[in-house]
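User: I'd like to go through this model and ask what sits behind the labels.

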Amino acid sequence: MATAGDSSNPITPKPTTKKRKPRKPKLAAATAQHVISILNTASSAAHTFLSQNDLYLLPSQSLQLESLLSSLPPPFSQLPSQPSLFHRFASSATLDFDQRWVQFFSVSRPNFYRLLSLLSPSLVIFLPSTIPPETALASALYRLAHGACYKTVARKFGLDSSEASCLAFYSVCKAVNDKLGDLFEFRRDLERIVVGFGWISLPNCCGALGFGRFGVDGEIFGRNGSILVQALVDSEGRFLDISAGWPSSMEPVAIFRQTRLYLGVEDSRESELLKGPTYRLSDGCSIPQYVMGDSCFPLLPWLLTPYSEQDSFGSAEREFNVAHSRAMELVSTAFGRVKARWQLLARSWKEDSLEFFPFVIVMGCVLHNFLIKWGEPLPEESVGGCLKEEELLVFEGEGDETGQTIRDALAQHLSLASMRK
């Protein structure tokens, strides 16, 4: 007889667990087939939409859609080949004022063909006959404007491979730098430059000198590494002199003293650069031709840097620093507009082709000058075009005494001019 607490009491039923029936193989296969069918229908519809509307979508939209499609598993990610985007585009956008030219290539139709006529002789030499000059130029501008990868550019522009797309891009880069490098006009257009700065109350000024930063991926330059580009710009935002390719780990003054600009001005035996007529100020003092330079540079007779906190500060010094700040904004704005127009330069560059990056930066600046020359509207500047003063190592050496005298005379002139207003 069972007693209280006896766990073997036969009257108490044992708990049971209900086993889940395994999913039938046929049901799982049917579900997978249904998903595959949905993916196939959706990707096919997306491909059809893209092929039928790529001339009317913004490039950012078509590139984003292509990126989403390429993230799908094969075979849904495979994009069908198409006839060259440029030839289809050029036949549909025949009007000079069709804004799609600017949307696709960041240049208007007249300036595209003006550029093509200048570069074609070189491109015919550099490229195989399978890559026409107009296709090379269009594909290079598209990549530069939107940062598209070589594989995407090759597919869009009917090129055989990523390697062919790369060849076209660097051939255009070389042709631009070779043929249009004279658009850096500092050495032969000083009169125009001086007049331009005169309109913004900087008499006898020949440029504003500063640095731009361009990001680099990888470990060569360390974490958050970048390439520094020293640039001299005029009052209209043109680049007058460029020195690109310096690692951000270098001190700005060390870069400056190795540049062609510094060596060209300092070596009077080879150049008469910045040795033109002096300018007589309202108080009778005369100042030579000079350049406004950031605080990372040394104060020189031809390079005027801002007053620091250690300098005796009065109204004249404040007026000079205000004018100096306006000049340095020209450098920031010029770099910002280059990055806004050429999105490839606004992104971090890949380390495996780092040696080519300075040439691409120079190409972007040359094309910036070209488009200013031919009246192309300027884009809104991108954030982060120029290094801010607090990001640079301030030059801590002694300033040149002649440079101090010239700066003091200009500061007094600016202060008197401000009082008269």
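User: How many helices and strands does the protein chain have, and what makes a run count as one?

Analyst: There are 15 helices and seven strands in the protein chain. They're DSSP runs numbered from the N terminus: H or I over at least four residues for a helix, E over at least two for a strand. Mind you, this is a predicted model, where local features need pLDDT of at least 70, side-chain atom pairs count only at pLDDT 80 or more, and totals for chains, interfaces and linings use all residues. Numbering starts from 1 along each chain as its sequence is written, and side-chain values use heavy atoms, with hydrogens and water left out.

User: What share of the residues count as buried?

Analyst: Of 421 residues, 48% do; buried is under 20% relative accessible area with a 1.4 Å probe, protein chains only.

User: Why is the largest nonpolar core said to lie between domains?

Analyst: A nonpolar core joins buried Ala, Val, Leu, Ile, Met, Phe, Trp, Tyr and Cys residues through side-chain atoms within 4.5 Å. This one has 117 residues, and among those touching the most other members are F105 and W342. Domain 1 (99-180) and domain 2 (184-419) both contribute residues, so the core lies between them; the bounds come from an automatic or database domain assignment.

User: Which residues does W342 contact, sequence neighbours within four places aside?

Analyst: Contact means heavy atoms within 4.5 Å, and for W342 the partners include F105, L141, L144, H368 and L371.

Methods:
Buried means under 20% relative accessible area, exposed over 50%, partly exposed in between (1.4 Å probe, protein chains only).
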